[in-house]
Amino acid sequence: METHIPLIVRNISLDDDATIEQLALSLSDFGWHETGGQVIATFYTSAADPVAAAAAAALSIKRALPQARVERVDEQFVSLADIAARAGLTHEAVRLWAAGKRRAASEPFPAPRAEVGQGRTATKIWTWPEVLTWLKTHYCLDLEPDTAYLTPEQVTRLNAALQGRPEPRWQPATAGVARTLAVMSTVLEEDASPTPAARRFTCTGGKR
C-alpha cells in the first residue's frame, strides 16, 4: 500500500523554466501539478511512518528550491458534485447518502468539514480521503486501489511539523519526527549531488 501525501507549496511557479528544470533534476519523485491557483507536490511513500517521511521530503523541497514554502497538507476538499464526478455516480445518489436517506449503513456518511456561502447558495464540503474510505468500506467501491491517505490525526501531526509547532499531546511521536528532520537537514547540507530523474515527475500546466 502506497500513501499519497499532497503538499501545498507556496512561492514557486510551474510556469517558470528554471523551476521546472530544478523539479526534474532534484525533485522528480514528487508528482507536481497546479489546481485552484495552488501548486501541489504529491509525495509517495510506503514508509511505516509516513508523517516522518513526508516531513523529511519537505526539507528536500526547501533544499532544492530555497524560496519555496511547504505550507500544509492539501486535504482535497470536495463538494457533492465533485464526489459524484469522481465516483461516477449521480449527484442525487450522493446527496441522499450525505443526507442519510439512502440505504442505512453501519456508519453514516462522513460529516462535512465546512460550509461555504450562506442561505440557499451554501455549499458543504468534505475531504476526499474520508469519503473514499467510506465508499470502500460500505459499498466496496475501491476507486483508488493500493492507495492510502493520511488519517486526520496524521494530517495534524504533519502540519504541526511543517509549521514548526509542537504536535498534540495525544501523539507521542514528536521526538521521532524532530530527529528525522534534524538528520535529513544534515544530510541535505552534506550531499549537494542532484537526484536522477524518476518516473514520478509530472507537471500540469507548466512549461516543459
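I looked up Glu 71 first and found this residue buried in the predicted model, its relative accessible area being 17%. I then checked which partner Glu 71 engages: a salt bridge joins Glu 71 to Arg 72, with 3.4 Å between the closest N and O atoms. Arg 72 itself is partly exposed, at a relative accessible area of 27%.

I next examined Glu 75. Its relative accessibility is 18%, and I therefore recorded Glu 75 as buried, since the cut-off is under 20%. The side chain of Glu 75 forms a salt bridge with that of Arg 113, at 2.9 Å from N to O. I noted where the two residues lie: Arg 113 belongs to the loop between α4 (91–98) and β6 (114–116), and Glu 75 to the loop between β4 (69–73) and β5 (77–78). The pair is 38 residues apart and thus links distant parts of the chain. For Arg 113 I recorded a relative accessible area of 35%, which makes this residue partly exposed.

I turned to Lys 136 and Asp 142, whose side chains meet in a salt bridge with an N to O distance of 3.9 Å. Both partners are entered as partly exposed: Lys 136 at 41% relative accessibility, Asp 142 at 37% relative accessible area.

I then asked which residues are joined through shared salt-bridge partners. One network comprises Arg 10, Arg 69, Glu 71 and Arg 72. Glu 71 and Arg 72, paired in my opening entry, are thus members of this network.

Finally, I searched the whole structure and entered a total of 8 salt bridges.

Terms used:
Residues numbered from 1 in each chain as written. Predicted model: local features only at pLDDT ≥ 70, side-chain atom pairs only at ≥ 80, totals over all residues. Heavy atoms only, no water. Salt bridge = Lys/Arg side-chain N within 4 Å of Asp/Glu carboxyl O. Buried < 20%, exposed > 50% of the residue type's maximum accessible area, 1.4 Å probe, protein only. Helix = DSSP H or I, 4+ residues; strand = E, 2+ residues; numbered from the N terminus.
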